[in-house]
Amino acid sequence: MLKRNPEIVMESIGDLLRGVNLDMSKYVIEFLSVVLPQVRHADVERRTKALAIVGCLSQMSSDPNAVPSMFDAVKAILEGSEGKLALPYQRIGMVNALDELSRAPSGKTLNKLAPSVSAFLLSCYKGDVSDEVKIAILSALGSWASKSADAVQPDVISFLNSGIKEKEILRKAHLKSLRMLCKNSDSLTKAVPLLDSVVQIVKIGFTKASQKLDGIYALFSVLKIASVDAKGGESGYSAPTRLGVASA
């Protein structure tokens, strides 16, 4: 049914997958061959329904090779195995598929795959010119970092440190990604080198109305990172309190 009329049955297939208890390991690649073209379809509703199926497949596969195989399939398409993805929405759809893979159950398989996914996302970011695609990449990076500390390699920290100095739209996306990273307590110690830079964003955000949202995003991260950093107070962590916004 999915092969014949994907646009008609995708929503029902997604509902079915969410409602049954099956191990889909043997079938993920066969499903992906049908679903991934819909993930990069021009119609946003089709993309949304297809992504829901990708998320279900990643959660319902017990074979440790299943999710890495899914990653390889998505990665190959982003690298041009089926032709260049010339339009931003096509690349966004495939990046969102990588985001959905982070829904896989936590454990050794996810942790082992996480560094490869984060490295690939960084390479995609550096090679893309679309801000919309870059925002999707940052969201996917944040999702993986929130699930596995192994996704937070030194190059990711360096990348985020540079990114919070970018233009407004990308700066916000980097701060959102960092905020997601900070939801994973195992990732917090790796984010300590960012503390001074993020504190500066807080200070600017609460003195310039135009950057207040940046300051709020950054404050969350400062509070989380400082909680695991013995030198947090020395790094300027007390600045938000002096500005009277700690209770926010």
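Me: Why is Glu45 called partly exposed?

Reply: Glu45 has a relative accessibility of 48%. Buried means under 20% relative accessible area, exposed means over 50%, and partly exposed lies in between (1.4 Å probe, protein chains only). Glu45 therefore counts as partly exposed. The model is predicted: local features need pLDDT of at least 70, side-chain atom pairs count only at pLDDT 80 or more, and totals for chains, interfaces and linings use all residues. Residues are numbered from 1 along each chain as its sequence is written, while side-chain values use heavy atoms and leave out hydrogens and water.

Me: What makes the pair Lys49 and Glu45 a salt bridge?

Reply: The N to O distance between the two side chains is 3.2 Å. A salt bridge requires a side-chain nitrogen of Lys or Arg within 4 Å of a carboxyl oxygen of Asp or Glu, so the pair qualifies. Both residues belong to helix α3 (residues 44–59), and because they are four residues apart, about one helical turn separates them. Helices here are DSSP runs (H or I, at least four residues; strands are E, at least two), numbered from the N terminus. Lys49, at 18% relative accessibility, counts as buried.

Me: How many salt bridges does the structure hold?

Reply: The structure holds twelve salt bridges. One of them joins Arg103 to Glu100, whose closest N and O atoms are 2.6 Å apart. Arg103 has a relative accessible area of 46% and is therefore partly exposed, whereas Glu100, at 15%, is buried.

Me: How do you know that Lys167 and Asp131 form a salt bridge, and which parts does the pair tie together?

Reply: The side chains of Lys167 and Asp131 meet at 2.8 Å, N to O, which satisfies the salt-bridge limit. Lys167 lies in the loop between α8 (154–163) and α9 (168–181), and Asp131 lies in helix α7, so the pair ties together parts that are 36 residues apart in sequence. Lys167 is partly exposed at 46% relative accessible area; Asp131 counts as buried at 17% relative accessibility. Elsewhere, salt bridges that share partners join Glu168, Arg171, Lys172 and Asp214 into one network.

Me: Why is Asp128 called buried, and where is it placed?

Reply: The relative accessible area of Asp128 is 11%, which falls under the limit for buried residues, so Asp128 is buried. Its place is in the loop between α6 (108–127) and α7 (131–147).

Me: What makes the pairing of Asp128 with Arg91 a polar contact?

Reply: The two side chains approach to 2.6 Å. A polar contact is a pair of N or O atoms within 3.5 Å; within protein, one must be able to donate a hydrogen and the other to accept it, and residues adjacent in sequence count only if both atoms are side-chain atoms. The Asp128–Arg91 pair therefore meets the distance limit and is a polar contact. In addition, a polar atom of the Asp128 side chain lies 3.0 Å from the backbone nitrogen of Ser130. Beyond residues up to four places away in sequence, Asp128 touches Arg91, Val133 and Lys134, where contact means heavy atoms within 4.5 Å.

Me: Why is Leu160 called buried, and which residues does it contact?

Reply: At 3% relative accessibility, Leu160 is under the limit and therefore counts as buried. Leu160 lies in helix α8. With neighbours within four places in sequence left aside, Leu160 is in contact with His174, Ser177, Leu178, Leu181 and Leu194. The C-alpha atoms of Leu160 and Leu175, 15 residues apart along the chain, are separated by 8.0 Å.

Me: What makes Val228 partly exposed, and where does it lie?

Reply: Its relative accessible area is 35%, a value between the two limits, so Val228 is partly exposed. Val228 lies in the loop between α12 (212–226) and α13 (233–237). Leaving aside neighbours within four places in sequence, Val228 is in contact with Leu188, Thr189 and Val192.

Me: Which elements do the buried residues of α2 pack against?

Reply: The buried residues of α2 pack against α1, α3, α4 (66–78) and α5 (88–101). Among these buried residues are Val28, Leu32 and Val35.
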